[in-house]
Amino acid sequence: MDNIVRQLCKDNELVELYTNPDDYDKFGVGYIEACTETDCLVHTFQENDLDDGYYVKQNDDILMIRKDTTYLKNMLHFIKAKAPKYELPKGYWPELNLQSVVLNLCMQEVLIAVVRLECGVEIFGWVREIGDNIVEIEQVDSDGMPDGITYVRQEDIIMVGFGGLEEKRRTKLFAARR
């Protein structure tokens, strides 16, 4: 699958990514922007040109990739090219740690990130510090309220992202309470 991910990254082609072993009817739609030997950075979209953010996924978590489908051809009518808002890597970077790139971007730009751990737990919040394999996150709950500080080992992170609909929702709710 790694060679296919690398090729699709180079081709800049809209794809369907299947990562849920319990439900093969669920998939994400996006462009593989960058990849390494182990991870890929995907810019995802929902219908009607809803930008659903950037996510770093482990290549091993991708169960199936589809391209050139009728659904994707229809999606291309809705997705409009936009200038990138953040400077992110593009292409194949064998030695780059894409998770660290995204975590650092979220910390520098003060963006709410989503972090998924191997155990399935998802954490939403601001990345406050990254060091010695530990990531400090100031959590924000689903109502946009601060919910304490969480420390996670970076090696336990299987997905990290930002800019998705859920992250945007929590950011708006937090701002509305200020």
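A nonpolar core is a set of buried Ala, Val, Leu, Ile, Met, Phe, Trp, Tyr and Cys residues that are joined through side-chain atoms within 4.5 Å. The exercises below apply this idea to a predicted model.

**Exercise 1.** Find which residues of the largest nonpolar core touch the most other members, and which elements supply at least two residues of this core.

*Solution.* Begin with the core itself, which has 23 residues, and in which Leu 41, Ile 157 and Phe 162 touch the most other members. Next, turn to the elements: β4 (50-58), α3 (98-109), β7 (112-117), β8 (122-131), β9 (134-140) and β11 (157-162) each supply at least two residues, and α3 gives the most, with five. Then take Phe 162 alone: leaving out residues up to four places away in sequence, Phe 162 touches residues including Tyr 54, Leu 88, Val 102, Leu 105 and Ile 112. Finally, a second, separate core of 11 residues includes Leu 17, Ile 32, Ile 62 and Ile 65.

**Exercise 2.** Decide whether Thr 150 is buried or exposed, and describe its surroundings.

*Solution.* Locate Thr 150 in strand β10, which covers residues 146-153. Its relative accessible area is 16%, and buried means under 20%, so Thr 150 is buried. Beyond its neighbours within four places in sequence, Thr 150 is in contact with Ile 123, Val 135, Glu 136, Ile 137 and Gln 139, and a polar contact of 2.3 Å joins the side chains of Thr 150 and Gln 139.

**Exercise 3.** Identify the residues that form a nonpolar surface patch with Leu 63.

*Solution.* Place Leu 63 in the loop between β4 and β5 (64-67), where Leu 63 is partly exposed at 34% relative accessible area. The patch joins Leu 63 with Tyr 24 and Met 64, and together these residues have about 260 Å² of accessible area.

Notes. Residues are numbered from 1 along each chain as its sequence is written. This is a predicted model: local features need pLDDT of at least 70, side-chain atom pairs count only at pLDDT 80 or more; totals for chains, interfaces and linings use all residues. Side-chain values use heavy atoms; hydrogens and water are left out. Buried means under 20% relative accessible area, exposed over 50%, partly exposed in between (1.4 Å probe, protein chains only). Helices (H or I, at least four residues) and strands (E, at least two) are DSSP runs, numbered from the N terminus. Contact means heavy atoms within 4.5 Å. A polar contact is a pair of N or O atoms within 3.5 Å; within protein, one must be able to donate a hydrogen and the other to accept it, and residues adjacent in sequence count only if both atoms are side-chain atoms. Patches are made of residues with over 30% relative accessible area and no salt bridge: like charges are joined within 9 Å, nonpolar side chains (Val, Leu, Ile, Met, Phe, Trp, Tyr) within 5 Å. Accessible areas come from the Shrake-Rupley method with a 1.4 Å probe; for residues, only the protein chains shown count as cover. A salt bridge is a side-chain nitrogen of Lys or Arg within 4 Å of a carboxyl oxygen of Asp or Glu.
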